[in-house]
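Okay, thanks for making time, everyone. I'll put the structure up and then talk you through a few spots in it.

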Amino acid sequence: MPTSEPAAGGDGEAMRVCTACGQEKPIEAFFSPYLDKRRRKWKGACKVCSAKGQATRPKEPSKYELARERRLRDYPGSKVCTDCGEEKPLADFGQPSRRDKAGGRIGLVFSPRCLACQSKATMARQARKVEGAA
Ligand SMILES: [Zn+2]
Ligand SMILES: [Zn+2]
């Protein structure tokens, strides 16, 4: 017979819920400042999450995301990927290369495949390399 109710009562603070992973853990799983009532520096994340450094840091856009946003502004429009056949914004095809056209005009050349397909191809290549080496 399943019981969803956690063991209530007892000494109260035996378990704490980690604010980062949401798991209920014994206080030993948290850094000792929690136990030090004078300092009270406990931040609410368990040792595992604190070690990961993701507990309190707000998520910042990665370099990759910032670059993509810049490309969205710079290169409006979309394109169909030759690999997955999906129409995606030009920003999802990576940084275009500039090619000189006749008459002194500069043309932008985007990859025929979207970034997702490019990285898929790269990963497949690496996987093959690992298999070959083993
Ligand atoms: Zn945690
Ligand atoms: Zn694709």
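**Helix H2 and its surroundings**

Let me start with a quick ruler check on H2: it has 12 residues, and at 1.5 Å a residue they should span 16 Å, which agrees with the 16 Å between its end C-alpha atoms. Keep in mind that what you're looking at is a predicted model. H2 runs over residues 63–74, and it's hardly covered, with a buried count of 0 among its 12 residues.

Arg71 sits in that helix. So is Arg71 buried, exposed or partly exposed? It counts as partly exposed, because it has 19 C-beta neighbours inside 10 Å, and the cut-off for buried is 20 or more. Who does Arg71 touch, once you skip residues up to four places away in sequence? That would be Leu90, Ala91 and Gln95. There's also Gly94, 23 residues from Arg71 along the chain, with 8.0 Å between the two C-alpha atoms.

**Zooming out**

Now the whole chain. We have 134 residues, and 7% of them count as buried. The secondary structure comes to 3 helices and 6 strands, and reading along the sequence you get β-β-α-α-β-β-β-β-α. If you take contacts with a separation of 6 or more, 26% of them are between residues 24 or more positions apart.

How about confidence? The chain averages a pLDDT of 80, and 75% of the residues score at least 70. Confidence is highest in strand S4, residues 87–89, at 97, and lowest in helix H1, residues 47–52, at a mean of 83.

**The S5 and S6 hairpin**

Next, the hairpin. Strand S5 covers residues 97–100, strand S6 covers 106–109, and the two run antiparallel, joined by 4 bridges. Which residue in S6 partners Asp100? Ile106 does. Ser97, for its part, is bridged to Val109. Between the strands there are 5 residues, and in this hairpin Gly103 takes a positive phi near 85°.

Leu108 is another one to look at here, in strand S6. With 12 other C-beta atoms within 10 Å, Leu108 is exposed, since 12 or fewer is what counts as exposed. Leaving out residues up to four places away in sequence, Leu108 touches Pro96 and Arg98. Its C-alpha atom is 9.3 Å from that of Gln95, 13 residues away along the chain. You've met Gln95 already, as one of the residues that Arg71 touches.

**Cys114**

Last stop: the loop between S6 and helix H3, which spans 115–133. Cys114 is found in that loop. Why does Cys114 count as buried? Because there are 25 other C-beta atoms within 10 Å of its own, and 20 or more is enough.

And what does Cys114 touch, if we again ignore residues up to four places away? The list is Cys81, Cys84, Lys88, Asp92 and Phe93. Two of those names are cysteines, Cys81 and Cys84. Lys88 falls inside S4, residues 87–89, the strand with the highest confidence. Then there's Thr82: it's 32 residues from Cys114 in sequence, and the two are 8.1 Å apart in space, C-alpha to C-alpha.

To put the three side by side: Arg71 is partly exposed, Leu108 is exposed, and Cys114 is buried. That's it from me, happy to rotate the model to any of these.

Methods:
Residues are numbered from 1 along each chain as its sequence is written. Chains are lettered from A and ligands numbered from 1 in the order in which they are written. This is a predicted model: local features need pLDDT of at least 70, side-chain atom pairs count only at pLDDT 80 or more; totals for chains, interfaces and linings use all residues. Two residues are in contact if their C-beta atoms, placed from the backbone, lie within 7 Å. Two strands pair if DSSP finds at least two bridges between them. pLDDT is the predictor's confidence in each residue, from 0 to 100. The expected span of a helix is 1.5 Å times one less than its number of residues.
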